[in-house]
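The exercises below are meant to be worked with the sequence and the coordinates open side by side. Try each task before reading its solution.

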Amino acid sequence: MANPLYPDYLPTRPDGYSPTLDVPLFEADEPGTRADPTTPSILKAGATITNITPIIGTEIRGIQLSKLTHTGLDEVAFLAAQRGVLVFREQDFADIGFEKQKEVVKYYGPLHKHPTMGYPAGTGPEFHVVYADEKAGNLRTLLGPHTTYDLWHVDQTFTPNVPSTTFFWVLEIPASGGGDTAFTSLTAAYEALSPAFRELLGGLSLYHTSASVGEVARVGMERALKEAVNTTHPLVIRHPVTRKPSLFVNPTIARKIEGFLPEESDNLLKFLHDHFRSLDFSCRVKWEKGTVVVWDQRAAAHSAVPDFADGERRHMLRMIPYGTKPQPAFPEKFIDSK
Ligand code: SIN
């Protein structure tokens, strides 16, 4: 196998090192609320804008994320909240160095320290390397035999503050192509439901736990439960930037509706998890050299598409800032489970 294009970005992690998952509630900033919605100046100066679908995803060329002012970064957060996912092409981001990468993403909030993913040597767990090759395997080899490998989720929602304007960029694309990332709109998924059904959902809250299926598989049920960090969030939240209701479901982390009996919860969540990934609300992002994806985790869920051949290298980097604590879309209907 050829050498990696970005050897300094290979994943490392000292044995046994795991930053705490428990991040207590804090006052957070939402830079997208500072943007002027009528005049996104970053889109004016010669940028090429193409919507991937009318519902979700916008591809942008002609802007360098690394050169934006704070006003420009506010506009990126605003547009990501509106469109779910922004795909910036022809970026220098992968080559600007760790400090500058961190400076840009930290503008949106304190960075999530991932409990298990590797980070480039000399950096820290704020950098999440997503890596596949013949030795590390890929998502299919890690999960074992399954019919399909869709793994729709919102990242790390078991804390009171949740991930917001997330940056994900490519270092090396599988040689045979593939390895896209799919996104689905949580706001469009909500809007497609009937008023009567929305009425029911507006009152509910979901239990989110770090003892996810993946975590249980990694450390075993007993340890996963002992170390788990848990919280509840409304099932329908009001997006802090767009002010739209958003269906805040998360199949890997939020698996119980508070106050429901197990069969009620399992069946309603199964319906919502099948519903929210419809092609009606989703899009696939094809990675190209220089692509940086910026998405808002309160507006879109995502799934890797591990369709490249076993043994191929796919090398990505992600940084997740925390935003505010999700608020119920309809406080007058919401039954606080605490
Ligand atoms: C993830 O699931 O968080 C990573 C997505 C990807 O590898 O495309």
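**Exercise 1: The ligand and its shell**

Task: In this predicted model, find which polar side-chain atom of Thr181 faces the ligand, and establish how far it lies from an oxygen atom of the ligand. Then describe the residues around the ligand.

Solution, step by step:

1. Starting from Thr181, a polar atom of its side chain is found 2.6 Å from an oxygen atom of the ligand.
2. Two further side chains offer comparable pairs to inspect: Arg314 places a polar side-chain atom 2.8 Å from a ligand oxygen, and for His302 the distance from a side-chain N or O atom to an oxygen atom of the ligand is 3.1 Å.
3. On its own the ligand has 260 Å² of accessible area, and the protein covers 89% of it.
4. Two elements each give two or more residues to the shell, namely strand S14 (300-304) and strand S15 (314-319).
5. The complete list of residues around the ligand is Val130, His153, Asp155, Phe168, Thr181, His302, Ala304, Arg314 and Arg318, and by character the shell divides into three nonpolar, three polar and three charged residues.

**Exercise 2: A salt-bridge network**

Task: Work out which residues are linked in a network of salt bridges with Glu288, and state whether Arg89 is buried or exposed.

Solution, step by step:

1. Side chains of opposite charge can pair when their charged atoms come close.
2. The structure holds 21 salt bridges, and one of them joins the side chains of Arg61 and Glu288, with an N to O distance of 3.7 Å.
3. This pair connects distant parts of the chain, since Arg61 belongs to strand S2 (residues 58-61) while Glu288 sits in the loop between strand S12 (282-285) and S13, 227 residues apart.
4. Glu288 also meets Arg89 in a salt bridge, at 3.9 Å from N to O; here the partners are 199 residues apart, with Arg89 in the loop between strand S3 (85-88) and helix H2 (98-106).
5. Arg89 has a relative accessible area of 5% and is therefore buried, whereas Arg61 at 23% and Glu288 at 32% are partly exposed.
6. The network as a whole links Glu59, Arg61, Arg89, Glu90 and Glu288.

**Exercise 3: A buried arginine**

Task: Locate Arg298 and identify which residue forms a salt bridge with Arg298.

Solution, step by step:

1. Arg298 is found in the loop between strand S13 (292-296) and S14.
2. Its relative accessibility is 2%, so Arg298 counts as buried.
3. The salt-bridge partner is Asp296, with the closest N and O atoms 2.8 Å apart, and Asp296 is buried as well.
4. In addition, the side chain of Arg298 makes a polar contact of 2.8 Å with the side chain of Glu30.

**Exercise 4: Surface and interior**

Task: Decide whether Leu142 is buried or exposed, and do likewise for His315.

Solution, step by step:

1. Leu142 lies in helix H3 (residues 139-143), and because its relative accessible area is 64%, above the 50% cut-off, Leu142 is exposed.
2. Together with Leu143 and Leu151, Leu142 forms a nonpolar patch on the surface, with about 270 Å² of accessible area in total.
3. His315, in strand S15, has a relative accessible area of 0% and is therefore buried.
4. As a final check on the coordinates, the C-alpha atoms of His315 and Ala196 are separated by 45 Å, the two residues being 119 residues apart along the chain.

Methods: Residues are numbered from 1 along each chain as its sequence is written. This is a predicted model: local features need pLDDT of at least 70, side-chain atom pairs count only at pLDDT 80 or more; totals for chains, interfaces and linings use all residues. Side-chain values use heavy atoms; hydrogens and water are left out. Patches are made of residues with over 30% relative accessible area and no salt bridge: like charges are joined within 9 Å, nonpolar side chains (Val, Leu, Ile, Met, Phe, Trp, Tyr) within 5 Å. Accessible areas come from the Shrake-Rupley method with a 1.4 Å probe; for residues, only the protein chains shown count as cover. A salt bridge is a side-chain nitrogen of Lys or Arg within 4 Å of a carboxyl oxygen of Asp or Glu. Helices (H or I, at least four residues) and strands (E, at least two) are DSSP runs, numbered from the N terminus. Buried means under 20% relative accessible area, exposed over 50%, partly exposed in between (1.4 Å probe, protein chains only). A residue is near a molecule or strand if one of its heavy atoms lies within 4 Å of it. A polar contact is a pair of N or O atoms within 3.5 Å; within protein, one must be able to donate a hydrogen and the other to accept it, and residues adjacent in sequence count only if both atoms are side-chain atoms. Ala, Val, Leu, Ile, Met, Phe, Trp, Tyr, Cys and Pro count as nonpolar, Asp, Glu, Lys and Arg as charged, and the others, Gly among them, as polar.
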